[in-house]
Amino acid sequence: TGDVKDETYSSENNRNSGYETNLYLYSDEMDDRPRVPTFLNSIADYSNTIPNLADSDTKSTTAKQGSSRMGTLVGVYLPCVQNIFGVILFIRLSWVVGTAGVVYGFGIVFTCCCVTMLTAISMSAIATNGVVPAGGPYFLISRSLGPECGGAVGMLFYTGITLAASMYIIGAVEIILTYMAPTLSIFGDFSKDSSIMYNNFRVYGTILLMVMSSIVYVGVKFVNKFASVALACVLLSILSVYVGIFYNFHGSDKLYMCSLGNRLLKDMDLKNCNKAVGGYLHNMYCANGTGPCDSYFDMHNTTIVKGIRGISSGVFFENIFGNFLESGQYIARGHNLDDIQPLSKNTYNMVMVDITTTFTILIGIFFPSVTGIMAGSNRSGDLADAQKSIPIGTILAILSTSSVYLSAVLLFGATVDNLLLRDKFGQSIGGRLVVANIAWPNEWVILVGATLSTLGAGLQSLTGAPRLLQAIAKDDIIPFLRPFAKSSASGEPTRALLLTVAVCQCGILIGNIDNLAPLLAMFLLMCYAFVNLACVLQTLLRTPNWRPRFKFYHWTLSFTGLVLCIAVMFMSSWYFALLALGMAGVIYKYIEYRGAEKEWGDGMRGLALSAARYSLLRLEDAPPHTKNWRPQILMLVNFNADLPKYRKIFSLVSQLKAGKGLTVSATVIEGDYIKKTGHDVQATKKELVRLMDEEKVKGFADVLVSNNTSEGLSHLIQIAGLGGLKPNTVILGWPNSWQQSENDRSWQVFLHTIRIVTAAKMALIVPKGIRSFPDSATKLSGTIDIWWIVHDGGILMLIPFLLKQHRTWKNCKLRIFTVAQTDDNSIQMKKDLKTFLYQLRIPAEVEVVEMTNNDISAYTYERTLMMEQRNQMLRELRLNKKESFGMFNFDYIFILLSLNTACGLLFSLFGLQKMRNIIDFNRETPTGENTPLVQSIIDQHHRKDASEGRSAPKVRFQEETSADDEAKKSKPAENAFDVDEKRTGNGEKSGVLKDSLPKETTDSSTSTMRPDEDNVRRMHTAVKLNEVIVSRSRDAQLVIFNLPGPPKDTKLERESNYMEFLEVMTEGLDKVLMVRGGGREVITIYS
């Protein structure tokens, strides 16, 4: 026994690779196509699958991953609420209600809230379309619309955030100087001259900006901690207003105003609200008694009016309609021109309108109070699940704040007198804030709370704007911003902060919130418009990567939001709107002309793919970004008698192209091009076009004439397409009759084409059983089973997803199977695979199939031996081909190769005794039946599989021939393959296959024929995979698995073996797609 060395195929040999047993067929591709367990292990933390690691949008993800702890409430909802409830709520909302009236005021607030809600829906769709790294709205827009639009909108958004800081600072100064400490005025009594007021705002605003920017520079942690204090102040202030409204349900006796006729008077002590001779008003209007009195004073009496009349008073009906006035007119009750129009140059102490008001102007002034919806997306890098938190938190925040704003419009109109509502600065009540006097228990709750919340919002803006500018600069799309990409030693964007302070100072110099708010609104509205535009483009283009998990969106909603944004821009201020558009256009063209080229898989590139000449010129002649990759198909059609051999390939392509893209249908005609340029080529092309039209395949048809089919296919694959519209996927039909073909070169063309496609780095799809595939009018239900054996770029996931976009496959469910070896953690693999599919936004069932490292079965050994014996016969046939052609029709030889039961008779008829000696294809089986040899082996194999509690016998190679084997050579032919069962060391039975051939064999070399070890291993892979695939996917509507690479050796035997392996892998399956990637990632988890 020591002279005979047995080699057992077990898990002990080369266990590290995982390819040496069950997946040996894929071993040649181990370096560039890892097994699925290896791939899943590498992307368990989802940091290695990000394309273009040099891009800034991928650098921060890994660093942030470990600290992502914030949920929806803390990470999104509360920051959005804090940013939406701004200074406008406290110092302008009551004035908007009084000026516009309840109806128009409600319309203004509702319009602004609709803009933000529709934008939030679009943003939710974009934010849930993949993992959202840190970067916020700039990241979302730039990666959806490209670097040109992204850079332009990013700069507008940066300008908007910076101007928002200016607005918050001016608002805080206004509250302090006007309502808390008016004695701090530097330039005198500002109640008599509005220009004095605005000069105070500029000076104190500059001082406050310096203080706040210093805090941001030295203490960012303080800013973050102060944010919670500011939020508490906002919520407490709003609560006190609501309590005060219902506390003063019947009105308040603490607040009264003085009016002369219908005109409102300012700076009045109620004791002086009379026309007594020598009194305060008499002296003012009658020149201290030295001259005639003012005519309006003579004609009207004074009245003391209660400012807060309460809901029960019915003042709501007086405030329903608006009172829009022009600058310089008097605030008066009613619309009588005698009351509102000045009749003399002396205005005395009457309250005047400081700016012209219209419905559209008030929209521009109020709109900044509903902004802040991007606060959640700004923190996307710090969220535990950004795709879940951003939509829920943002939409809930908008609903909450919109409810507060809309209810405040109704309650203010139902509580406060119209004259007091229209008194913007509270001059008629001694310079007191109207909203603060409504609040309970004291006005200081509002004054202090509003000031702190406003300062907190300003600090947040001064903190976020420099970081946004630095992110734009780091993207290197605007060359002149490169210096601002650098950080200080402590990691702070110091240079960006300095520029932000300079821009903010420009906003402060405007001085007036009413003038600054519309300008700020323009930049934010531009940002919102582009968010909606991005969603519209992505939806209409239907790029394969557009798979948002947020389903409550529609492109019409985004388009409505886009139209509303543009409409509000021009309604608010057409010249500011043109300024914002002009600024965006200049930046866009600058980036296009001078900026660094970036490819972010944006929607603009997808749009270019659908355009004509202009888009072709813009598209780069380079592979598209992973997010824009879609199968642009080159369909190689084999024509037989002027009709396509497999017509249903057109149906398959039509179903696959529900995901849009390019299709080129091409065929090769053998012959001389000069002789074929006429009717044949045109007729073939017309037939192709007709078939494409019937199957609704959008694309182009082409015909190539070549003296050699292989060369013609090679030329087609190399030159098809134009620029960025070159095909990246080849569909090639399976040669069903390759075993019965008269000319072995027919299936060698198939293998040669696979090699060409691989060399061209294109994806390959090979449908097998194409006649069983459904046509486009059929609707299927069931499952599409994906057998993910090796990772080759994700095309195995993308193909079924695209098929499901078509109605034929829409009702089919996806099932993904992957193979685990003995030493793989199948439980962890399944968990990782589920997470990976969740991030891909592809719903599918997941199953991990464990393939134990069993010894190779006798069935595998016998199939391999029969394959090699047939190859030996083919070699001898080719050696004697010339004599054979002279003796008989060569068709019979290939009928023989089909293993027909008449093979033995044919050999006998033509005297091919030598071939008969190699293998008896029609020998008698142990059951006594006269059955083809290979078929009997297959039947026996499946019978063994079906038996209970029985495992397939196992095989060992024998290095030498023993004496016992020589004795067994004399056995009858039916015992040619004898399995001797032995007990192994662990108690299992192990079959030892003895090489035994028919008695009449005369060639000693064939009598000791042993199959090649590599072939046995590859056949083992094919057999084992076929067993597990058939056992689980026999009833599936479609089975998709990785196509193994063709053999590098071009010998005929190796190529024939490869075809045999594929035939074995697909036995028992009706509809199969064998897919091979092009060597690049075609699907990504990122937005």
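Contact here means heavy atoms within 4.5 Å, and helices (H or I, at least four residues) and strands (E, at least two) are DSSP runs, numbered from the N terminus. The model is predicted, so that local features need pLDDT of at least 70 and side-chain atom pairs count only at pLDDT 80 or more, while totals for chains, interfaces and linings use all residues. Residues are numbered from 1 along each chain as its sequence is written, and side-chain values use heavy atoms, with hydrogens and water left out.

**Exercise 1. Describe how helix α7 meets helix α8, and state which residues are in contact.**

Solution. Begin with the residues: I215, V216 and V218 of α7 meet V220, F222 and V223 of α8. Next, take the geometry, in which α7 (residues 194–218) and α8 (residues 220–247) pack at an angle of about 110° with their axes 5 Å apart; axes are lines fitted to C-alpha atoms, for helices over the stretch in contact, and angles run from 0 to 180 degrees between N-to-C directions. This makes α7 roughly perpendicular to α8, given that angles under 35 degrees count as roughly parallel, over 145 as roughly antiparallel, 65 to 115 as roughly perpendicular and the rest as oblique. Finally, sort the contact of α7 with α8 by class, which gives six nonpolar, no polar and no charged residues (Ala, Val, Leu, Ile, Met, Phe, Trp, Tyr, Cys and Pro count as nonpolar, Asp, Glu, Lys and Arg as charged, and the others, Gly among them, as polar).

**Exercise 2. Find how many disulfides there are, and describe each of them.**

Solution. A disulfide is a pair of cysteine sulfur atoms within 2.5 Å, and by this rule the count comes to two. One of them joins C258 to C273, with an S to S distance of 2.0 Å. This pair links distant parts of the chain, 15 residues apart, with C258 in strand β2 (residues 256–260) and C273 in the loop between β3 (263–264) and α9 (280–285). The torsion about the S-S bond of C258 and C273 is about 85°, so this disulfide is right-handed.

Then turn to C286 and C293, whose sulfur atoms are 1.6 Å apart in a disulfide; the torsion about their S-S bond is about 105°, and therefore this disulfide is right-handed.

For accessibility, buried means under 20% relative accessible area, exposed over 50%, and partly exposed in between (1.4 Å probe, protein chains only). Both C258 and C273 are buried; C286 is buried at 0%, whereas C293 is partly exposed at 24%.

**Exercise 3. Explain why C565 is not bonded to C527, and decide whether C565 is buried or exposed.**

Solution. The sulfur of C565 lies 9.3 Å from the closest cysteine sulfur, that of C527, which is too far for a bond. With a relative accessibility of 0%, C565 counts as buried.

**Exercise 4. Work out the order of the strands in the open sheet that contains β2, β3 and β4.**

Solution. The order is β3-β2-β4, with antiparallel pairing, where two strands pair if DSSP finds at least two bridges between them. The edge strands are β3 and β4 (302–306), each of which pairs on one side only. Between β2 and β3 there are two bridges in the antiparallel sense, and L264 in β3 is the bridge partner of S259.

**Exercise 5. Identify the strands that pair with β5, and say which way its side chains point.**

Solution. Four bridges join β5 (residues 633–636) to the parallel strand β10 (residues 729–732), where T729 is the bridge partner of I633. Four bridges also pair β5 with strand β8 (residues 663–670) in the parallel sense, and there A666 is the bridge partner of L636. From β5, I633 and M635 point one way and L634 and L636 the other way, and all are buried.
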